[in-house]
Amino acid sequence: MVVSGKPGPDVVRVENVEKVFQIRKDNSLKDRLFHFGKLGREHRSHYRAVDDVSITIQAGTTVGLLGPNGSGKSTLLKIIGGIIAPTSGEILTRGRMAALLELGAGFHPDLSGRENVYLNASILGLSREETSNRFDAIHEFSGIGEFIDTQVKFYSSGMFVRLAFAVAIHTDPDILLVDEVLAVGDEAFQRKCMERIAQFRAEGRTIILVSHSAAQVQELCDRAIVLKDGQLVFDGDTNDGIAALRDVLEGRRVGEAPGAVDLPIEITSIELLDGNDRPTKRVRPGDRLKVRIHVDAHTDMEEWAAGFSIDTPMGQMMLASNTERLGITLPAISQGASHMDFEIDSLNLANGQYFVNANVSKVIDIDSHILWQGANFTVRDKSPNLGPLSAQVTVSAS
Amino acid sequence: MVELVEKKERYAALANSPFMRTGPSGFREGARGGKVREIFERRDLLRLLVRRDLQSRYRDSVLGFLWTLIRPIIVFVMYYVVLGKFLRAAEGVPDFAVYLFSGLTLYGFFSEMVVGSTGSILANSGLVKKIYLPREIFPLASIGGAGFMFLMQCLVLVVAAVALGALPAPVEMLWFFPSVGLILIYGVAIGLLLSAVNVYLRDVQYLTELLVMLTMWGSPIVYTWTMASSAFKTMHLPAWVIDVYVNNPVTLGVFGFHHAFWGGGTAADYPSDLSLRMLIAAVVGLALVFLAHRVFTRLQGNFAQEL
């Protein structure tokens, strides 16, 4: 879903931004007076939410900010949006910015839907005239119907959110900041929102999105930025970014094996080979793929077993097999390094990045050694289809 | 292909627009014309926020906007009967009713401004936390709402003064503008400062209520300033106490308002050089607005996480 065309001018520059929160344990004048000066300092602790982050974002890109809870991604978004000032560093932005940090912020329950539309549009920077011109479009998009003149407090939460979203996307921003708000409304409305976001991208608008949903980021973004404890740990391609996020979440680096304890056999690495036995990282649909598992046997063994699986970056298993399922017993292995191959005749996966895991053991599922994400590959599929599978689809009509 | 054209135009427009710079001090530079201009550009929003506050205040009440008048009138009657008649403050003050009501109206404006704007940032915390707006807009919206109620009460004041035949010469009524201007300047300065400080120290809102009450009794509203100055003399207080009393901006504003609506006054009812005093107070007030805004800008950078 990458929109072609050259990137636009820089719209956001984050320069060495740092944000330190001061956490106070007192909050009344009395406490504050008692704890003034030296004592006061003991009653404060510091928390570095964003640590020396520098980013430049060009117009027309859709950027996903990823990271575990507390990694500072929402804080960074708020700093970009001017809602929080940085402790040090600078933010430069240009163009009209709309922040969708919370839908319906500024909706007043006692006012009617119509009055709230005008108020909210004004908060997001539209003049009265502009709002009047777009009112019908907003009304229609929201699907609120005749309830538009009812007080908002009588709305269902779905109606509330739909109206708020409708206003937000009709404000013509150059930069749209989105924080976890896209998971709203029923499925039909969500699809409508996603379509509108896609249209926003085609129109050269910049979107900065904070999300916990790797799937959403993968679907929408051209670029992923991963934060960990306030520090920037990854900035680049979305698929690699999601992989980096998984590593951060699991607290380790790619290909790093967990410490093994007295296993009879261990995997040293996983290698991917194409039809001509050359190492490969890119696979086209229908290609032959060989998964070579390099092992290190600690003792001579009469028999042994192995298996592999292919996952999406979100951990969805796409394919898995093992020697037992295939009805095969691997021949005796002597102590030392060795390898075995699984050969996949024709791999029909759709566009995306995939990880290969493998496991070996003396007897299947006992004392297994598993290497998670020992290798990865990317599928580049030219077909226009959607979904996790690749297939040739033709059309005929009678 | 419309989209492509739009994209090109957008890029071109963006490439030509200057960067807005946000630094640790909380200043946003690059917005041409600074804060005043930024707020002026959001005047539509300011108007809507004022309307929202007013509309929601009396929504679902039968009497609605009449309440903006009922409350001050009840307060007025109470003071008139208890202070004017029981305690005999009305003696020696011609048209005491108009004297009292004009003072109360102006004071009401001041108190409404200060109390309203002090809580304004907290009351709008949902917006402050989620959207960038020039935050000054919230105290200003409170002041706008107070201004609307004030004007409604002024109408009642004029009607009452006409009915009682207490209005001074029309030229005298021009005092209305400097006194309202003066009160407005101080309302903005105090409102800006306290709205920001209140985010960090919630004690401020209780302190404010106290302060506003003191202002009421510290100005010649329910009594005359000659009563106060002679009392000061019998108490053997130094002369500067009287100066402080007379030159406090609310007192000066109330003097001006008496000039404008209370025809019964003589030269003895006002201190000397009232216009000069008001001018000086206004200049000092403007400096305070500037300072208060500096403090506000400093503090607002952390509003979002303090709320």
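**Note on a predicted two-chain model**

1. In helix 5 of chain A, the buried residues pack against two other helices of the chain, helix 4 (113-123) and helix 6 (157-169). The model is a predicted one. The buried residues in question are A:Thr131, A:Ile138, A:Phe141 and A:Ser142.

2. Helix 5 of chain A, residues 128-142, is not straight: a kink of about 50 degrees is centred on A:Arg134. Just after this helix comes A:Gly143, which has a positive phi of about 65 degrees.

3. The domain assignment divides chain A into two parts. Domain 1 is made of three segments, 1-95 + 177-186 + 208-251, while domain 2 covers 265-379. The two domains touch: six residues of domain 1 of chain A are in contact with six residues of domain 2 of chain A. On the domain 1 side, helix 8 (214-220) and helix 9 (238-250) of chain A are the elements that give two or more residues. Helix 9 of chain A has the largest share of that side, with four residues. Sorted by class, the domain 1 side holds four nonpolar residues, one polar residue and one charged residue.

4. Next, a sheet in chain A. Three strands make up an open sheet in the order 10-12-15, and their pairing is antiparallel. Why do strand 10 and strand 15 of chain A each have one side without a neighbour in the sheet? Strand 10 (265-273) and strand 15 (336-347) stand at the edges and each has a single partner strand, so one side of each is left without a neighbour there. Neighbouring strands of this sheet are turned against each other by 20 degrees on average, with direction ignored.

5. One pairing in this sheet can be followed residue by residue. Strand 10 of chain A is joined to strand 12 (residues 287-297) of chain A over eight bridges, in the antiparallel sense. A residue pair to look for is A:Ser269, which stands opposite A:His294 in strand 12.

6. Strand 16 of chain A is another strand to examine. Is strand 16 of chain A, residues 352-361, mostly covered or mostly uncovered? It is mostly covered, as eight of its 10 residues are buried.

7. Strand 16 of chain A has pairings with two strands. With strand 13 (residues 305-311) of chain A, strand 16 pairs in the antiparallel sense over seven bridges. With strand 17 (residues 369-379) of chain A, strand 16 is joined by eight bridges, and these two strands also run antiparallel. A:Ala358 appears in both pairings: A:Ala358 in strand 16 is the bridge partner of A:Phe308, and A:Leu371 in strand 17 is the bridge partner of A:Ala358.

8. The last points concern the two chains together. How many residues of chain B are in contact with chain A? The count is 35 residues of chain B, against 42 residues of chain A. On the chain B side, at least two residues each come from helix 1 (2-16), strand 1 (20-22), helix 3 (43-57), helix 7 (125-130) and helix 15 (303-306) of chain B. Helix 1 of chain B gives the most, seven residues. By class, the chain B side has 15 nonpolar, nine polar and 11 charged residues.

9. A strand pairing also crosses between the chains. Strand 4 (residues 88-93) of chain A and strand 1 of chain B run antiparallel and are joined by three bridges. In this pairing, A:Leu92 stands opposite B:Arg21 of strand 1 of chain B.

Definitions and conventions
Residues are numbered from 1 along each chain as its sequence is written. Chains are lettered from A and ligands numbered from 1 in the order in which they are written. This is a predicted model: local features need pLDDT of at least 70, side-chain atom pairs count only at pLDDT 80 or more; totals for chains, interfaces and linings use all residues. Two strands pair if DSSP finds at least two bridges between them. Axes are lines fitted to C-alpha atoms, for helices over the stretch in contact, and angles run from 0 to 180 degrees between N-to-C directions. Domain bounds come from an automatic or database domain assignment. Two residues are in contact if their C-beta atoms, placed from the backbone, lie within 7 Å. Ala, Val, Leu, Ile, Met, Phe, Trp, Tyr, Cys and Pro count as nonpolar, Asp, Glu, Lys and Arg as charged, and the others, Gly among them, as polar. A residue is buried if 20 or more other C-beta atoms lie within 10 Å of its own, exposed if 12 or fewer, and partly exposed in between; C-beta atoms are placed from the backbone. The bend at a residue is the angle between axes fitted to the seven residues ending there and the seven starting there.
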